[in-house]
Amino acid sequence: MNPRKMEQMMEQMGIDVEDVDAEEVIIRTSEYDLVFDDAEVTKMDARGQETYQVIGSPEEVESGAAGAVEGADAGASEDAGSAIPDADVEIVATRTGVSEDEAREALEEHDGDLAAAVEALE
């Protein structure tokens, strides 16, 4: 079909399409992360319902490791592969009155469980 005609038909149906200038796309599952570098991302807005299409070849990495690979996970600590978000460390430290290092250790011992870490420190 002619791309121009397709665009006209989509406009008539109230569908807007735009390209998204994405540097990286990460899809997190409970088992692994799919990391798309230089993916082509298209956003389609059909009457308020947004749909994203990702085109590319993903790299499958260990769950939670995608942000650490590229340093893209803004909330994670940059300590040697730690997956404990800085925000969680701050919450535990503030709640219990301990140092951030102690809070991080407690979170790591309890696999990131905020409640368990706070309970152990109180």
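**Exercise 1. Find where aspartate 16 sits and what lies around it.**

Step 1. Start with the element: aspartate 16 belongs to strand β1. Helices (H or I, at least four residues) and strands (E, at least two) are DSSP runs, numbered from the N terminus.

A quick word on what you're looking at: this is a predicted model, where local features need pLDDT of at least 70, side-chain atom pairs count only at pLDDT 80 or more, and totals for chains, interfaces and linings use all residues. Residues are numbered from 1 along each chain as its sequence is written, and side-chain values use heavy atoms, with hydrogens and water left out.

Step 2. Check the accessibility. Aspartate 16 counts as exposed because its relative accessibility is 52%. The cut-offs are these: buried means under 20% relative accessible area, exposed over 50%, and partly exposed in between (1.4 Å probe, protein chains only).

Step 3. Look for neighbours. Leaving aside residues up to four places away in sequence, aspartate 16 touches Lys43, Met44 and Asp45; a contact means heavy atoms within 4.5 Å. The C-alpha atoms of aspartate 16 and methionine 44 are 5.7 Å apart, with their positions 28 residues apart along the chain.

**Exercise 2. Sketch the order of elements along the chain.**

Step 1. Count them: there are five helices and six strands.

Step 2. Put them in order. From the N terminus on, you get α-β-β-β-β-β-β-α-α-α-α.

Step 3. Add some totals. Of the 122 residues in the chain, 24% are buried. Among contacts with a separation of 6 or more, 40% join residues 24 or more positions apart.

**Exercise 3. Work out which residues of α3 and α4 are buried, and how they are arranged.**

Step 1. Take α3. Its buried residues are Asp88, Val89, Val92, Ala93 and Thr96. Down the axis of α3 they fall within an arc of 130 degrees, so they line one face of the helix. That arc is taken from the directions from the helix axis to the C-beta atoms.

Step 2. Turn α3 around. The face away from the buried side carries the exposed residues Thr94 and Arg95.

Step 3. Do the same for α4, residues 100-109, where Ala103, Arg104, Ala106 and Leu107 are buried. Their arc is 165 degrees, so these residues also line one face of their helix. On the other side of α4, Asp101 and Glu109 are exposed.

Step 4. See what does the covering. The buried residues of α3 pack against α4 and α5, while the cover over those of α4 includes α3 (86-96) and α5 (114-121).

Step 5. Look just past each helix. Glycine 97 follows α3 with a positive phi of about 80 degrees, and aspartate 111 follows α4 with a positive phi near 55 degrees.

**Exercise 4. List the residues of the largest nonpolar core and name its main contributors.**

Step 1. Get the rule straight: a nonpolar core is a set of buried Ala, Val, Leu, Ile, Met, Phe, Trp, Tyr and Cys residues joined through side-chain atoms within 4.5 Å.

Step 2. List the nine residues: Ile84, Val89, Val92, Ala93, Ala103, Ala106, Leu107, Ala117 and Val118.

Step 3. Sort them by element. α3, α4 and α5 are the elements that give two or more residues to this core. Apart from it lies another core, of five residues, including Leu34, Phe36, Ala39 and Val41.

Step 4. Zoom in on alanine 103. Not counting residues up to four places away in sequence, alanine 103 touches Val89, Val92, Ala93, Val98 and Leu121.

**Exercise 5. Compare the surroundings of three salt bridges.**

Step 1. Apply the rule (a side-chain nitrogen of Lys or Arg within 4 Å of a carboxyl oxygen of Asp or Glu). The count comes to four salt bridges.

Step 2. Aspartate 33 pairs with arginine 28, with the closest N and O atoms 3.0 Å apart. Aspartate 33 is buried, at 0% relative accessible area, whereas arginine 28 is partly exposed at 44%.

Step 3. Lysine 43 pairs with glutamate 50 at 3.4 Å between the closest N and O atoms. Lysine 43 counts as buried at 18%, and glutamate 50 is partly exposed at 38%.

Step 4. Glutamate 122 and arginine 95 meet at 3.5 Å, N to O. Glutamate 122 lies in the segment after α5 and arginine 95 in helix α3, so the pair ties together parts that are 27 residues apart in sequence. Both glutamate 122 and arginine 95 are exposed.
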